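Trainee: I am new to this structure and would like to go through it with you step by step. Could we have it in front of us before I begin asking?

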Amino acid sequence: MKLLIVDDSLVMRKLVERSLAEKKFTIAGSAGDGEEGLRIFKETLPDLVTLDISMPRMDGITTLVEMLKIKPDAKILIVTSRTDTASTEEAMKNGAAGFLGKPFSTEQIMEKVKEIGF
């Protein structure tokens, strides 16, 4: 299974990668903003994407919508510090498979990934 990690924080990208290594994902790519994430998504068509909302150049909601136009069955887990109800509802309304607030533990992200089918 291929995983794409999109977050403007290198620390968070590394944390997601380490946390999900146990699930035997192949890292399809890692991106620091939505535009780069979308480009890698088009090239690799990953099974799972972890996606931040607040990023430069292209925000996570816009990136989410564009990714699902390309691969409607992609599972996209929003991983963000924006945990207000409006952000959660907007992400889910636009097709996110799940939502996880930062900071998170390895157990929490593993549980969310399991909930969405991996």
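Trainee: Is Arg57 buried or exposed?

Mentor: In this predicted model, Arg57 has its place in the loop between β3 and α3. Its relative accessible area is 58%, and since the class of exposed residues begins over 50%, Arg57 counts as exposed.

Trainee: What is the phi of Arg57, a residue other than glycine?

Mentor: Most residues other than glycine have a negative phi. Arg57 departs from that habit, for its phi has a positive value, near 70°.

Trainee: Where is Leu45, which has a positive phi although it is not a glycine, and what is its relative accessible area?

Mentor: Leu45, with a phi of about 45°, is found in the loop between α2 and β3. Because its value falls between the limits of 20% and 50%, Leu45 is called partly exposed, with a relative accessible area of 37%.

Trainee: Which strand order does the open sheet have?

Mentor: The sheet is open and is built from five strands with parallel pairing. Its edge strands, each pairing on one side only, are β2 (26-31) and β5, and neighbouring strands are turned against each other by 20° on average, direction ignored. Read across, the order is β2-β1-β3-β4-β5.

Trainee: Which residue in β5 is the bridge partner of Ile78?

Mentor: The strands β4 and β5 pair in the parallel sense over four bridges. In β5, the partner of Ile78 is Phe99.

Trainee: Which helices pack on the sheet, and what angle does the direction of α5 make with that of β5?

Mentor: Helix α2 (residues 34-44) packs on the sheet, where it touches β1 (2-6), β2 and β3, and its direction makes about 150° with that of β2. Helix α5 also packs on the sheet, touching β3, β4 and β5. The direction of α5 makes an angle with that of β5 of about 175°.

Trainee: Which residue in β5 stands opposite Thr80, and what is the handedness of the β-α-β crossover that leads from β4 to β5?

Mentor: Thr80 stands opposite Gly101 in β5. Between β4 and β5 the chain passes through helix α4 (residues 85-93), and this crossover is right-handed.

Trainee: Which residues of α5 are buried, and why do they lie on the same side of the helix?

Mentor: Helix α5 spans residues 106-115, and its buried residues are covered by elements that include α1 (10-20), β3 (48-51), β4 (75-80) and β5 (98-101). The face turned away from this buried side carries the exposed residues Glu107, Lys114 and Glu115. The buried ones cover an arc of only 100° around the axis, so they come to lie on the same side of α5. They are Ile109, Met110 and Val113.

Trainee: Against which elements do the buried residues of α1 pack?

Mentor: In α1, the residues Met12, Arg13, Val16, Ser19 and Leu20 are buried. Because they cover an arc of only 135° around the axis, they are on the same side of α1, while Leu10, Val11 and Arg18 are exposed on the other side. The elements against which the buried residues pack are β1, β2, β3 and α5.

Trainee: How many Å apart in space are Arg18 and Thr106, C-alpha to C-alpha?

Mentor: Arg18 is found in helix α1, and at 57% relative accessibility it counts as exposed. In sequence Arg18 and Thr106 are 88 residues apart, whereas in space, C-alpha to C-alpha, they are 8.3 Å apart.

Trainee: With which side chain does the side chain of Asp52 make a polar contact?

Mentor: Asp52 lies in the loop between β3 and α3 (60-70), and because its relative accessibility is 4%, Asp52 counts as buried. Leaving aside its neighbours within four places in sequence, its contacts include Val6, Asp7, Asp8, Val79 and Thr80. The polar contact, at 3.4 Å, is with the side chain of Lys102.

Trainee: Which residue is joined to Lys102 by a cis peptide bond?

Mentor: Most peptide bonds are trans. The bond in question has an omega of about -5°, and the partner of Lys102 has its place in the loop between β5 and α5. That partner is Pro103.

Methods:
Residues numbered from 1 in each chain as written. Predicted model: local features only at pLDDT ≥ 70, side-chain atom pairs only at ≥ 80, totals over all residues. Heavy atoms only, no water. Buried < 20%, exposed > 50% of the residue type's maximum accessible area, 1.4 Å probe, protein only. Helix = DSSP H or I, 4+ residues; strand = E, 2+ residues; numbered from the N terminus. Arc of directions from axis to C-beta. Contact = heavy atoms within 4.5 Å. Pairing = 2+ DSSP bridges. Axes fitted to C-alpha atoms, helices over the stretch in contact; angles between N-to-C directions. Polar contact = N/O pair within 3.5 Å; in protein donor to acceptor, adjacent residues only side chain to side chain. Right-handed = clockwise from strand over helix to strand, strands pointing away.
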